[in-house]
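Colleague: Could you walk me through this one? I would like to start with how you name the elements, and then jump around a bit.

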Amino acid sequence: MEAAVTEEIHMPWGPIIDSQILAIHAALVATEDVGGRRPRRGGEILYFGGDQHWQQNNIEHLVDASRCFACDAPNGQHAIDYVKSPTDDVFCSGHAFLADGRLMVCGGTQLFPPDAVGGPHGHGEANHFPGHRHCWVYDPQSRKFAEVASLNPQFDGRHLKPGAWVSPVFEQSPGVFAALTIDKLGAMNVVWLDTTAEPVGWNGPVAFGGRDLVPGAWVTPVFEQSPGVFAALTIGRRGTMNVVWLDMNVQPLRWQGPVSFGDNHLQPGGWVSHVFEQSPGVFAALTVDKRGVMNVVWLDTNVQPVGWQGPVGFGGRHLMPGAPISPVFEQAPGVFAALTVGRRGAMNVVWLEMNAQPVGWKGPVGFGDQHLVPGSHMSPVFEQAPGVFTALTVDQRGVMNVVWLDTNVQPVGWKGPVGFGGRHLVPGAPVSPVFEQSPGVFAALMVGKRGAMNVVWLDMNVEPIGWKGPVGFGDEHLVPGAHVSPTFKQSPGVFAALTVDQRGVMNVAWLDTNVQPVGWKGPVGFGGPHLVAGAPVSQVFEQSSGVFAALAAGRSGAMNVVWLDMNIEPVGWRGPVGFGALGGGRWYPTLVTLPSGELFVYAGHPRNDDSRHNPGTSERYDPITDSWALLTPTNGAGEGFPDLYPRLFLLPNGRVFSASALAGYSRCVHFDASTGSAAETVVLPDSHYHGFSAPAVMLPLLPNDGYRPRVLVCGGVTAQYVNLEPAAGTSPSWRSAGIRQGSAAGRIRRHACAVLLPTGQVLMTGGVEDPPSDEVGVNEPEIYTPPIDWVLPIVGPMNTRSAGIYLDIADSKQTGSWVTIEEPSPVVRNYHSTALLMPDGRVWTAGSSIKGAPGDPATQGQLKIAIFTPPYPAGRRPRLTKAPRNVGYGQPFEIETPDAVGIARIALIRCGSVTHAFDADQRYIGLSFMRVGRNKLQVQSPPTPSVAPPGEYMLFLIDRKGRPCIYAKFIRLHRS
C-alpha cells in the first residue's frame with residue numbers, strides 16, 4: 001500500500017503525506033534488512049488508532065487501523081505499508097518497548113460509554129471509558145502483532161483476601177465441586193465447578209451472608225451432616241463460632257449463614273479442628289479459646305430442634321489461643337483424641353472415651369519435654385502400624401520431632417517428642433500430612449530454612465525402624481516454612497505436592513516410585529508469578545478421571561486454579577488461571593520499561609464490570625514467563641477520578657517517578673517497581689501539569705553529572721523542571737525552565753508533543769490554546785535548550801571527551817532557554833496527535849482529532865503526516881559508517897566515522913513510543929568517548945540498565961558545530 005504525496009513545501013517542514021489512518025499511537029521501531037521491495041535498515045514508525053476515536057468503529061469492531069512508515073523513504077515516497085492490527089480495540093492503550101525491540105501494547109477501549117458522543121472523554125458521572133485487559137506485542141521484523149498474556153482481573157468491593165485459606169474442595173453432587181473462603185470484607189464466599197455443564201469452568205466467588213467473619217481466616221473442611229446437607233465452621237470477628245451450610249434438598253439451592261452460636265470467648269479467626277462424627281448423627285470439633293482453654297462444639301442431628309451446641313471449655317488454660325489442633329482420630333473403638341502444642345512447648349493430648357460414663361472430653365495433658373514451638377503446626381496423626389499412631393512437628397531448634405502412641409503396649413500412653421535429623425527446618429512450620437508411598441514406607445514434606453523442599457520418611461520394612469531425614473532436594477527458591485499441599489497420588493506409584501515459591505509461582509515436587517533410583521524431583525515452577533509467596537494451596541482433588549486440580553487465592557484477590565490432565569500429552573501442570581474475572585483492564589495506562597527488561601504499568605480506567613474508576617494498582621510484566629503480576633495498591637485505590645496517562649519515568653536509582661498528580665497523594669510520588677508501593681517525594685508542579693494534556697520529558701542523563709535525573713514539563717504558560725538529585729544541602733523543587741520567546745510566548749499548548757533532539761534540546765510541536773477548538777492552534781515549534789555546557793576540555797591521557805555538564809548545580813539561576821521557530825506547521829495538532837524523532841534527526845508529526853471530537857476519521861481525523869527538520873547549524877553533517885548492533889553495559893565499543901576528528905559529542909537516544917502528548921520511552925544518555933584511530937572512536941556504554949533500560953537506541957554523533965550525523969545507527973543495549 002503506497003502513500004500519496006499530496007503536497008510539498010519548503011524547509012523546515014517537509015512533505016505532507018497521507019497517513020491513511022488516524023495516528024493516535026506511534027512508535028519508532030528498529031528494523032533489520034530482511035529483504036522485500038525496499039531496504040528496511042533505516043527504521044520504521046509503527047502507528048495505529050484502533051477504532052480511531054469513532055464509536056461506530058468500536059461497536060462494529062472495525063479496528064484494523066495500523067500502518068508502518070519507512071524512515072529512509074526519500075521525501076515520503078512509497079513510505080507507508082499496511083500492518084494487520086490486533087483484533088482488540090487498542091484505541092487509548094498504553095505501550096512501551098521490550099528489551100528485544102518488540103513493542104508491548106497494553107489495554108485499550110472496551111466500549112464507548114453512553115455520554116461519549118458529547119465529548120472526547122465521556123467523563124460525566126460514572127461514564128468513563130472502560131478499558132480491556134488484552135495485550136499484544138508487535139515484532140518489527142515480521143511486522144506482525146501477537147497476543148500475549150492479559151492483564152490481571154481485579155475484583156471490586158467483593159474480592160478475596162490474597163493468600164487466604166481455601167477449604168478443601170468437596171463434591172456436593174455428582175460432578176459438582178465447591179470450596180469456601182472468606183473475602184477481604186469478612187464475607188464467606190463459595191466457588192464451584194460443574195463438570196456436567198458445558199463449557200466446563202469454575203464459577204464464583206460469590207459472597208453470601210454477613211461480613212462478620214475474619215478476612216482470609218481458617219474454614220474447616222466441609223462435612224456432610226446428613227444426606228445432601230453440607231456444613232463448615234469458622235470463628236468470627238467477635239469470637240463466636242459460626243456455621244455455614246448448604247441443603248441440597250431444599251430449593252432454591254443456596255448456601256446459608258454464617259450463623260453464630262455460643263459465647264464470644266473464642267479466638268477470632270482461630271483454628272478449628274476438622275469436624276468428626278463421634279457417634280451416629282453426632283458431630284463435634286475442637287478449638288482453643290482466648291484464655292488458652294480447649295473448647296468443644298457439637299451437633300446432635302438426632303435431637304430436635306437440630307442445632308449446634310457449645311462452645312464448652314474443658315481442662316486447664318495452658319494452651320495457645322487459636323492454635324492449630326490436629327484432626328481428631330479414633331485411637332480405639334469409641335476413643336477419640338487430638339494433639340496441640342501448649343504455651344510451654346509441650347505436646348498436649350485431649351481425648352474422648354465414648355465407652356466410659358459420664359461421656360466427656362479429658363485433658364489437655366502435656367507429655368514429653370518442652371522444646372516444641374508453642375502453638376505450632378503438626379502433621380495429622382496417622383496409623384503407621386495396627387494400633388500405633390504417629391504425628392510430626394518441628395521444634396524450636398528447627399529439628400523434626402515425632403510423637404507416637406502404641407495402643408498395643410501397656411500402659412497406653414503417648415511417647416516423645418523425639419527429634420531426629422539436622423536443624424535446618426523452620427521452627428513450628430507446617431508439615432504435610434504423612435502418606436504411604438509404598439507398603440510400610442511413609443513420608444512427609446516441608447520447606448526448610450534455606451528454601452529447599454525437605455522429605456522425612458519411615459521405612460517399616462528395615463530394621464532398626466526409625467525416621468530418616470530431613471533431606472533437602474531441588475533448588476532453594478521456595479519460601480522457608482511455607483505451606484505444602486497434601487501429597488496426592490497422580491498415577492500408580494507417582495506422588496506429587498504443590499507449594500508457592502518466593503516469586504509467587506506455583507511449584508510441583510514429585511516422586512515416581514516406578515523409576516530407579518527412587519527419589520523426589522523438583523520443585524519446578526509453572527505459570528505466572530501472581531500468587532502469594534508461601535500461601536496455602538488447597539488439597540488436590542480429582543475432578544474427573546485423570547484430571548487433578550487445586551485452588552489458591554492470588555495476589556489480585558482472584559481465586560486461581562491449577563490443574564493436571566493426565567489424558568493429554570505432554571502431561572504437565574497448567575495455570576494458575578484466575579476466574580471470576582471481574583474488573584481490571586486499562587484505558588489510558590502508562591507503561592515503563594524496567595532495568596530487568598520487565599514492564600511496569602500504572603493507571604487507566606478499568607473494565608465496565610469494575611465499579612471503581614481508579615483501581616490504584618500497578619502490574620509488572622515478565623516477558624520470560626509471559627505473565628503479569630499484580631502489585632501493591634496505592635493510596636488512590638478506589639478514589640473518584642481515574643489516573644490517566646500519568647507522566648512516569650524510570651530513574652537511575654531504579655524507582656519510577658510520576659510528574660503527574662495521582663489520586664490519594666498531595667505530592668509527586670515514586671514507585672518501588674518491584675512491589676508497586678508508592679511514596680511521596682517532591683511537591684507537585686503547577687496545576688496545568690497535573691493531568692494528561694501537557695508533555696513531560698526526562699532531560700539528558702550525563703556521566704559527568706552522575707546521571708542526575710531532571711524532568712521537564714511544558715505546554716503551560718511557564719515550563720518547569722525539577723532536578724531530583726540537587727546539590728548537597730538542597731531539596732528537589734519545581735522551578736521555571738527559562739522564559740519562552742517569540743510568537744508562542746505566553747500561549748498554552750494543550751496536547752502538544754515534546755521530542756528529545758540529538759543535540760540534547762527539546763522540541764515542542766503542536767497543541768491548541770483552548771481545546772477543543774482548532775482555530776487557536778499553536779503551530780510554531782519551540783525549542784528548549786537545557787542549562788548544559790557541552791564545550792568541555794579534552795581530559796585524560798587517552799584524550800577522553802565527555803558528554804557535557806549541567807550548569808544548574810553551580811549556578812541555580814541557570815534554567816535553560818527557549819526559542820520559537822517562526823515557521824508554523826501546516827497542520828493543527830490537537831488531541832490525539834503524535835511526534836517522534838527519526839534516525840536522520842528530523843521529527844515525524846501526525847494525528848489529531850479535529851476539534852478534539854470523536855467521529856468518522858475520514859472527516860474528523862487529521863490524516864496528514866508532516867516531517868519537521870530542526871534548525872541544526874548549516875554545513876556538512878558527519879557520517880556514522882559502522883557501529884556494533886549489540887552492546888552490553890559498562891563496556892567500551894568501537895564505531896567508525898570518516899569525521900572522527902570533528903566529533904564533539906555522542907549520545908544514545910531510546911526509540912520513542914508516543915500517545916496523548918507523552919512519550920515514556922524516549923531517553924537521552926550522553927556517552928564518553930575517545931579517538932583511537934583516524935576513523936575510529938572508542939565509546940563507553942551506559943553503566944547500568946537503570947540509567948539506560950535494555951532495548952533499542954539510536955546512536956548519534958554530534959560535531960563541534962552542533963550538527964548531528966546524517967543517519968543514526970540502531971544499537972541494542974542488553975544485559976549480560
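Modeller: Strands here are DSSP runs of E with at least two residues, numbered from the N terminus. Please keep in mind as we go that the model is predicted.

Colleague: Fine, so which strand has Ala70 in it?

Modeller: Ala70 belongs to strand S5, which covers residues 66-70.

Colleague: And is Ala70 buried or exposed?

Modeller: Its relative accessibility is 2%, and because the cut-off for buried is under 20%, Ala70 counts as buried. The C-alpha atom of Ala70 is also separated by 6.5 Å from that of Ile80, although these two residues are 10 apart along the chain.

Colleague: What about the largest nonpolar core, how many residues does it have?

Modeller: That core has 117 residues, and those with the most contacts inside it are Ile45, Tyr47, Phe69, Phe657, Trp844 and Ile906. Its largest share comes from strand S73, residues 951-959, which supplies six residues.

Colleague: Let me pick Trp844, then. What is it in contact with, leaving aside neighbours within four places in sequence?

Modeller: Its contacts include Ile45, Tyr47 and Phe69, which are themselves listed with Trp844 among the residues with the most contacts inside the core. Trp844 also touches Ala23 and Ala26, the stretch Thr834, Ala835 and Leu836, then Met838, and finally Ile865, Ala866 and Ile867. Apart from the largest core lies another one, of 32 residues, among them Trp218, Ala284, Met294 and Ala338.

Colleague: Switching to strands, why would you call S2 largely enclosed?

Modeller: Strand S2 spans residues 13-18, and five of its six residues are buried, so the rest of the structure largely encloses it. Four bridges join S2 to strand S64, residues 864-868, and the two run antiparallel; within that pairing, Asp18 has Lys864 as its bridge partner.

Colleague: Now the sheets. What is the strand order in the one with S41?

Modeller: This is an open sheet of four strands in the order S39-S40-S41-S42, with antiparallel pairing. Its edge strands are S39 (541-544) and S42 (573-579), each of which pairs on one side only, and neighbouring strands are turned by 35 degrees against each other on average, direction ignored. Strand S41, residues 559-565, is joined to S42 by five bridges, and Val561 stands opposite Val577 in S42.

Colleague: And which are the edge strands in the S51-S52-S53-S54 sheet?

Modeller: That one is likewise described as an open sheet of four strands with antiparallel pairing, and its edges are S51 (696-698) and S54 (735-736). Two bridges join S53, residues 720-723, to S54, where Arg735 is the bridge partner of Tyr721.

Colleague: What sits in the turn between S15 and S16?

Modeller: The two strands form a hairpin with two residues between them, and Gly228 in the turn has a positive phi of about 80 degrees. Strand S15 (residues 223-226) and strand S16 (residues 229-235) pair in the antiparallel sense over three bridges, with Glu224 standing opposite Phe230.

Colleague: Last topic, how many cavities are there of 30 Å³ or more?

Modeller: The count comes to seven cavities of 30 Å³ or more, and the largest has a volume of about 90 Å³. Its lining includes His95, Thr590, Tyr645, Arg647, Thr915 and Asp919. Strands S7 (94-97), S43 (590-593), S68 (913-915) and S69 (918-919) each supply at least two residues of that lining.

Conventions: Residues numbered from 1 in each chain as written. Predicted model: local features only at pLDDT ≥ 70, side-chain atom pairs only at ≥ 80, totals over all residues. Heavy atoms only, no water. Core = buried A, V, L, I, M, F, W, Y, C linked by side-chain atoms within 4.5 Å. Buried < 20%, exposed > 50% of the residue type's maximum accessible area, 1.4 Å probe, protein only. Contact = heavy atoms within 4.5 Å. Pairing = 2+ DSSP bridges. Axes fitted to C-alpha atoms, helices over the stretch in contact; angles between N-to-C directions. 1 Å grid on protein atoms, 1.4 Å probe; cavity = no way out; pocket = protein on both sides within 12 Å on 5 of 7 lines; lining within 4 Å. Points joined across faces, edges and corners; volume = space filled by probe spheres on them.
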